[in-house]
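Hi,

Here is the structure I promised to pass on. Have a look, and my notes follow underneath.

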Amino acid sequence: MSLEQQAKIGKQVAKNLGLKYFELNEGATSSRDKIEYNQERDETTFFGQIEKAIIQGKIKNLWYNDRKRFARSGIEDMYFQALFRKHKVNIFETKSGNQRKFDTAQDRGIDSILGIVGQIDRDDRREKSIGGKIYKSEKYGDTKQVHLGGTLFGFDVQQDKDKIKVYVKNKENQKHLQKMFDLYSKGKSIKDIKNYLESNNVKTSIGNTKWSLGSIQKILQNEKYIGNYQWFDKDSQRTFNMFLERSISISVFNKVQRMFKKNQKNKGSNVRKHDSLFGQYLRCNCGESITSYYQKRTSVLKLSLIHI
């Protein structure tokens with residue numbers, strides 16, 4: 001189910017419950033972004049930030065469409081069940097908005113059984129998915145631009161004559177992709193790139209007209225654009241190197257990465273949320289932007305309904 005469809009259901013659930021709707025997602029990226037399947041979550045992940053918000057009391061009502069996609073293991077589901085109970089978070093599921101019950105031992109027992117069934121289904125789907133990825137990687141990885149899931153800006157996904165989903169360059173978006181790298185390599189900010197994309201009505205890989213700064217940064221740091229397309233199977237401990245036609249020259253890509261590192265050093269430990277009057281115009285003689293920021297302390301924001 002697409003994010004748009006889930007958002008539509010979530011809004012209806014919030015309306016039925018008499019709650020305000022507030023959506024949290026990262027577009028086409030996973031809520032477990034930055035970690036592998038077998039790694040622990042922490043505060044650097046989007047999912048970890050949701051966990052932290054629950055502990056801090058910022059989330060009191062939460063809805064997700066599918067429990068099997070919310071927790072990735074039975075143990076993790078049990079952990080979150082305890083977390084929800086401890087912090088008195090109301091959990092609503094599916095398009096009917098059914099509330100998870102933890103009040104009695106019977107409620108918790110039934111909930112655990114459903115969790116075990118979900119775990120079996122997750123494992124089965126994962127085994128089939130990984131098996132399919134390995135088969136495609138071994139048979140076509142050297143010759144076809146095999147699509148193994150997710151979206152990639154600048155590419156469309158099509159089915160070839162062998163009925164294999166493959167990446168195909170989108171000529172128009174490839175031009176915008178190259179422009180993004182060109183702008184940043186010449187000292188423009190990510191915000192400048194966002195303005196360029198939105199002023200030219202360029203849509204994200206999932207069709208959104210608004211771009212987040214984070215999604216732009218991920219594109220500029222994605223090694224797939226220089227043909228470095230690989231994935232790791234933790235069960236077999238194998239790395240599969242896949243064929244993908246280069247979109248950006250290695251020299252331009254490396255220059256952008258060096259500028260990211262330099263800008264990160266200049267950024268400091270605080271996040272700048274407010275632009276200064278001359279923030280877009282002041283430049284150092286090295287070509288980098290000169291920025292300023294101030295930190296404003298505010299009271300905790302209470303959210304009515306969080307959609308994952």
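In which hand, left or right, does helix 6 pass helix 7? The crossing is right-handed (the near helix is turned clockwise from the far one by less than a right angle; anticlockwise would be left-handed).

Before the rest, some ground rules. This is a predicted model, where local features need pLDDT of at least 70 and side-chain atom pairs count only at pLDDT 80 or more, while totals for chains, interfaces and linings use all residues. Residues are numbered from 1 along each chain as its sequence is written, and side-chain values use heavy atoms, with hydrogens and water left out.

Back to that pair. Helix 6 covers residues 171-185 and helix 7 residues 190-199; their axes lie 9 Å apart at an angle of about 150° (lines fitted to C-alpha atoms over the stretch in contact, with angles from 0 to 180 degrees between N-to-C directions). The two helices are therefore roughly antiparallel (over 145 degrees; under 35 is roughly parallel, 65 to 115 roughly perpendicular, the rest oblique). H176, K179, M180, L183 and Y184 of helix 6 meet I190, I193, Y196 and L197 of helix 7 (contact is heavy atoms within 4.5 Å).

Across the whole chain there are nine helices and nine strands (DSSP runs, H or I of at least four residues and E of at least two, numbered from the N terminus). Of its 308 residues, 37% are buried (under 20% relative accessible area, 1.4 Å probe, protein chains only; exposed is over 50%, partly exposed in between).

One residue to look up is E51, in helix 2 (residues 46-55). E51 counts as buried because its relative accessibility is 17%. Beyond its neighbours within four places in sequence, E51 touches Y79, F80 and L83.

Cheers
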